[in-house]
Amino acid sequence: GIGGVGKTTLAAELIRRIAEHDPQRLPVVAASSLTGGTVTVDRVLAALAGAAGRESGTRPALDLAGRQDIDWQDRLAALQHDVLDVQPVLIVLDNFEDNLSPDSAPGRPGWRAVADQDLAALLAALATRPGRCRLLITSRYPFVLPGQAGRVLSFQPVGPLSPAETMKLAWALPALDRLTEPELEQVGRMVGGHPRCLEYLDALLSGGHSSYPDVTTRLAANLAARPGIPDLDEWFTSHSTLEPALAETLTLAADDVLLDQLLAGLAAAPGAEDLLLGLSVYRSPIDQAGMLFQIGTPDPDAETRPDYAAASEQITTILADAGIPVDQAGDLAQLPAAVLAGLRPHLAELNSRPAPALRAPDGVRRLLDACTASSLLAVDADQDPARLLVHRWTASELELRWTESGRGEQLTAAHLRAARYWQWRVQAWPQDRASDLDDLTEARHHLFAARQTGQADELTWAICNTLHAWGAWDREDALIRDTVARLPADADGRSNWIRQLADIAYGRARITDATRLYQQALAIDEQHTRIDPGNTSFQRNLSVSYDRLAGLARDAGDTSEAERLYRQVLAIAEQLAGLDPGNTSFQHDLSISYNKLADLARDAGDTSEAERLYRQALAIDEQHTRIDPGNTS
């Protein structure tokens, strides 16, 4: 259903009722409104394994599920056999629209495809072979799955609030609670029975920016000016409720009026709309530091970087000196007073939080209060620290307005500041490496949104290098495919990404896929080299593609093809080394080329040719060592 219609609230109520009806069923929340809707195969499997482990203890399949170096299909198969076939499970994916492609699926107008191919395949596998598992997904759009697997899912549109539900919501909203029942019935129809629009209206009436007659007159005039919207009085003479499609149309029409009025009301607090704009680009809730990156002014004195490692070391030392094992020091009240006094400053250091070198402007509390009073900004004070979030549907509607009004550059700047916030968290926040990668992934999203393709590409390489080292090839593969889809068709780095996909396929012994991808990269490199033959980067990329294909030929026993390709690599290396004899990278490439051809000659029994080539490589290496004797490479 449309954003803000109450899908998350409905899902929470469904989970509660399912738990009452089926206490044995295990809820597994893999994506929520708190953490953000973007999800990966690894995240789903980890959430499933974690919940099952807490419920029933360690099982081999649960250990396997955390092994990101193993294909997700094998991990899922183990979980299906040991968990999903025996344990009733409810996997919950909230805000799933974050995982969908922006365009309609082929042949299905209004439906979307899952952008991550592995995630789509995982959901298809769970849908067609669920065992005792069930899926509960909230999404702004219906979606398709591979192999028509989505047809076994039941897509239920969340329609408008009924008059009774509108009354119930109004009781919790102070301004709407003062309206009469006929007045509430009228505004409920005008906003399409949409809960968030009713909250917008309540904020307008509560803030004194509009009266009931004023806002209803504006809504009625807006509806009358729009083609295709029937007269609501005539509609309800023959209908008891609004159809979902009509309700959505009414909501979008009302949204134009209500959001414009709410933004106009923010003008009474100069700077409030700028704050709202900055916070609206975040996809997941952020803390005060995230806010400071949007509106703070540089101040080196405001920065704090707690030394957690030193504090932990000091605590360990103090406890050891007192003869107290660390694992027995949990109850501080039981520690001797002298020991506790020594621990306090170091415990305070551990419990303190880093802060960026940014100072909040004067009156920031007033700006936050204005934004929250408008209902456009939510503050979750139950979290520690408190979290700020602009609802994603509200943010998308506001983005349209700001872009149309010429504030696109301001949104771009906000995305860049958001990227810096997530990167700062990686440097300063006490968290594990997996959380660091999640934050870097958010930074990558903002860089792409700001059209900083080069920076986003560079950051993606850093993320993928870590994932590759972990053996988390499923997630790496998905991230690379997403990157390739975002890059311009003529981007210089496209062949590098395709070769990385080929490397992953080769590492998994999928030789056919690896060959196809290496050849695809080679075609790009050859085209680039033809267009710009003097570009040494294109030449080196071309030689890498030749080298990878040569390795495949060698592994397949086709030594003649391997030699042909390695000699093409050597020709490029000789050319580049001749153009710039002082470039150690080019000389190194030349040495490696001689070594690989020498290996082929040795394996073929041609020891004299092998020796000749090895000596050529040795001469280059000896020269490098004389020039730079401290270089261990």
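**Figure 1. Close-up of the cysteines: the count of disulfides comes to zero.** The structure shown here is a predicted model. A disulfide is a covalent bond between the sulfur atoms of two cysteines. To count as a disulfide, a pair of cysteine sulfur atoms must be within 2.5 Å. Why does C197 form no such bond with C371? The cysteine sulfur closest to that of C197 belongs to C371, and because the two are 19 Å apart, they are too far from each other for a bond. C197 is buried, with a relative accessible area of 0%. C133 is buried as well, and its relative accessible area is 2%.

**Figure 2. The protein chain as a setting for the close-up views, with 27 helices and ten strands.** The C-alpha trace of the protein chain spans about 100 × 75 × 55 Å along its principal axes. Of the 633 residues in the protein chain, 46% are buried. Contacts in the protein chain may also be sorted by separation in sequence: among those with a separation of 6 or more, 68% are between residues 24 or more positions apart.

**Figure 3. Surroundings of T251, a residue of helix 11.** Helix 11 comprises residues 244–266, and T251 lies within it. Is T251 buried or exposed? The relative accessibility of T251 is 1%, and T251 therefore counts as buried. When neighbours within four places in sequence are left aside, T251 is in contact with I2, V191, G192, H194, C197 and W393. One of these partners, C197, is the buried cysteine of Figure 1, with a relative accessible area of 0%.

**Figure 4. Packing of helix 12 against helix 13.** Two packed helices are described by the angle between their axes and the distance between the axes. For helix 12 (residues 272–280) and helix 13 (residues 288–295), the angle is about 120 degrees and the axes are 9 Å apart. Helix 12 and helix 13 are therefore oblique to each other. Their crossing is right-handed. The residues that meet are L275, G278 and L279 from helix 12 and M291, Q294 and I295 from helix 13. Sorted by class, this contact of helix 12 with helix 13 has four nonpolar residues, two polar residues and no charged residues.

**Figure 5. Helix 13 and the elements that cover its buried residues.** How many of the eight residues of helix 13 are buried? Seven are buried, so helix 13 is largely enclosed by the rest of the structure. The buried residues are A289, G290, M291, L292, F293, Q294 and I295. Their cover includes four helices and strands that may be located in turn: helix 12, helix 16 (364–373), strand 7 (297–298) and strand 8 (358–359) are among them. Strand 10 (387–389) and helix 18 (408–428) also belong to this cover.

**Figure 6. Packing of helix 14 against helix 15.** Helix 14 (residues 308–321) and helix 15 (residues 337–351) have their axes 8 Å apart, at an angle of about 165 degrees. Helix 14 is therefore roughly antiparallel to helix 15. The crossing of these two helices is left-handed. On the side of helix 14, the contact is made by Y308, A311, S312, Q314, I315, I318 and L319. On the side of helix 15, the contact is made by V339, G342, L343, H346, L347, E349 and L350. By class, the contact of helix 14 with helix 15 has nine nonpolar, four polar and one charged residues.

**Figure 7. E399 and L277, 122 residues apart in sequence.** What separates E399 from L277 in space? From C-alpha to C-alpha, the two residues are 8.2 Å apart. E399 is placed in helix 17 (residues 392–404). With a relative accessibility of 40%, E399 counts as partly exposed.

**Figure 8. Two loop residues, R451 and A509, each with a positive phi.** R451 is found in the loop between helix 19 (433–449) and helix 20 (453–470). The phi of R451 is near 60 degrees, a positive value in a residue other than glycine. R451 is exposed, with a relative accessible area of 60%. A509 is found in the loop between helix 22 (494–507) and helix 23 (511–531). A509 is not a glycine either, and its phi is positive, at about 65 degrees. The relative accessibility of A509 is 59%, and A509 therefore counts as exposed.

Definitions and conventions
Residues are numbered from 1 along each chain as its sequence is written. This is a predicted model: local features need pLDDT of at least 70, side-chain atom pairs count only at pLDDT 80 or more; totals for chains, interfaces and linings use all residues. Side-chain values use heavy atoms; hydrogens and water are left out. Buried means under 20% relative accessible area, exposed over 50%, partly exposed in between (1.4 Å probe, protein chains only). Axes are lines fitted to C-alpha atoms, for helices over the stretch in contact, and angles run from 0 to 180 degrees between N-to-C directions. Angles under 35 degrees count as roughly parallel, over 145 as roughly antiparallel, 65 to 115 as roughly perpendicular and the rest as oblique. A crossing is left-handed if the near helix is turned anticlockwise from the far one by less than a right angle, and right-handed if clockwise. Contact means heavy atoms within 4.5 Å. Ala, Val, Leu, Ile, Met, Phe, Trp, Tyr, Cys and Pro count as nonpolar, Asp, Glu, Lys and Arg as charged, and the others, Gly among them, as polar.
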